[in-house]
Amino acid sequence: MGCIPTLVTACWVGGEERDIHFNSTANGQGAATALPVWAVYMKRVFADRSLGYDPEQEFEKPELRDSLAFEPNLPEGEPQPNEPKPAPKPAAPANRTSGEELFE
């Protein structure tokens, strides 16, 4: 996957048959096979000014938020993202309802 602010492109290199293998992982991994294809593609995209893609365009920085203060609109009763979940209660043995009777 490669992306610029206004374009996302996927490049896959490989074979659909299970019997097709690269001689080594170094030759078959994405930086050795798919990345060069993507680089040539992007050079051509940027060279064709009629497409309107700017190689100098930068991604917009997102507004910083205090992630602890963010509260999505979850239905009432649903756990909130920053709220600790209650620990599950241990199940009582089948022949007892709780361990309290041991201390009576």
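## Surface and overall layout

Let's start from the outside: the accessible surface of the chain comes to about 9,800 Å², and carbon and sulfur atoms account for 54% of that. Keep in mind that this is a predicted model. Of the 104 residues in the chain, buried ones make up 8%.

As for secondary structure, the chain has two helices and two strands. Reading from the N terminus, the order is β-β-α-α. Among contacts between residues at least 6 apart in sequence, 42% join residues at least 24 apart.

## How far to trust it

The chain's mean pLDDT is 78, with 67% of its residues at 70 or more. Which elements mark the two ends of the confidence range? Strand 2 (residues 7-9) has the highest confidence, at a mean of 94, and helix 1 (residues 25-28) has the lowest, at 75. A general caution goes with this: where pLDDT is low, the predicted coordinates should not be read in detail.

## Two threonines and a surface patch

Have a look at Thr 9, which sits in strand 2. Thr 9 counts as buried because its relative accessibility is 13%, under the 20% cut-off. Leaving out residues up to four places away in sequence, Thr 9 touches Met 1, Gly 2, Trp 38 and Tyr 41.

Thr 33 is another one to find, this time in helix 2. Thr 33 has a relative accessible area of 14%, so it is buried as well. What does Thr 33 touch, not counting residues up to four places away in sequence? The answer is Val 13, Phe 22, Asn 27 and Gly 28.

Two of those partners, Val 13 and Phe 22, turn up again on the surface: together with Val 37 they form a nonpolar patch there, with about 230 Å² of accessible area between them. Phe 22 itself lies in the loop between strand 2 and helix 1. Phe 22 counts as partly exposed because its relative accessibility is 41%.

## Val 45 in helix 2

Helix 2 covers residues 30-47, and Val 45 is part of it. Is Val 45 buried or exposed? Val 45 is buried, since its relative accessible area is just 6%.

Setting aside neighbours within four places in sequence, Val 45 is in contact with Leu 7, Leu 51 and Tyr 53. You can also check the spacing to Pro 55, which is 10 residues away from Val 45 along the chain: their C-alpha atoms are separated by 9.3 Å.

## Phe 59 and the cysteines

Past helix 2 you'll come to Phe 59, which lies in the segment that follows that helix. Phe 59 counts as exposed because its relative accessibility is 51%, over the 50% cut-off. Still, Phe 59 has contacts beyond its neighbours within four places in sequence, namely Cys 3, Ile 4 and Pro 5. Phe 59 and Cys 3 are 56 residues apart along the chain, yet their C-alpha atoms are separated by 10.0 Å.

What about the cysteines? Cys 3 has a relative accessible area of 43%, so it is partly exposed. Cys 11, at 23%, is partly exposed too, because that value falls between the 20% and 50% cut-offs. How many disulfides does a search of the whole structure find? It turns up zero.

How values were computed:
Residues are numbered from 1 along each chain as its sequence is written. This is a predicted model: local features need pLDDT of at least 70, side-chain atom pairs count only at pLDDT 80 or more; totals for chains, interfaces and linings use all residues. Side-chain values use heavy atoms; hydrogens and water are left out. pLDDT is the predictor's confidence in each residue, from 0 to 100. Helices (H or I, at least four residues) and strands (E, at least two) are DSSP runs, numbered from the N terminus. Patches are made of residues with over 30% relative accessible area and no salt bridge: like charges are joined within 9 Å, nonpolar side chains (Val, Leu, Ile, Met, Phe, Trp, Tyr) within 5 Å. Accessible areas come from the Shrake-Rupley method with a 1.4 Å probe; for residues, only the protein chains shown count as cover. A salt bridge is a side-chain nitrogen of Lys or Arg within 4 Å of a carboxyl oxygen of Asp or Glu. Buried means under 20% relative accessible area, exposed over 50%, partly exposed in between (1.4 Å probe, protein chains only). Contact means heavy atoms within 4.5 Å. A disulfide is a pair of cysteine sulfur atoms within 2.5 Å.
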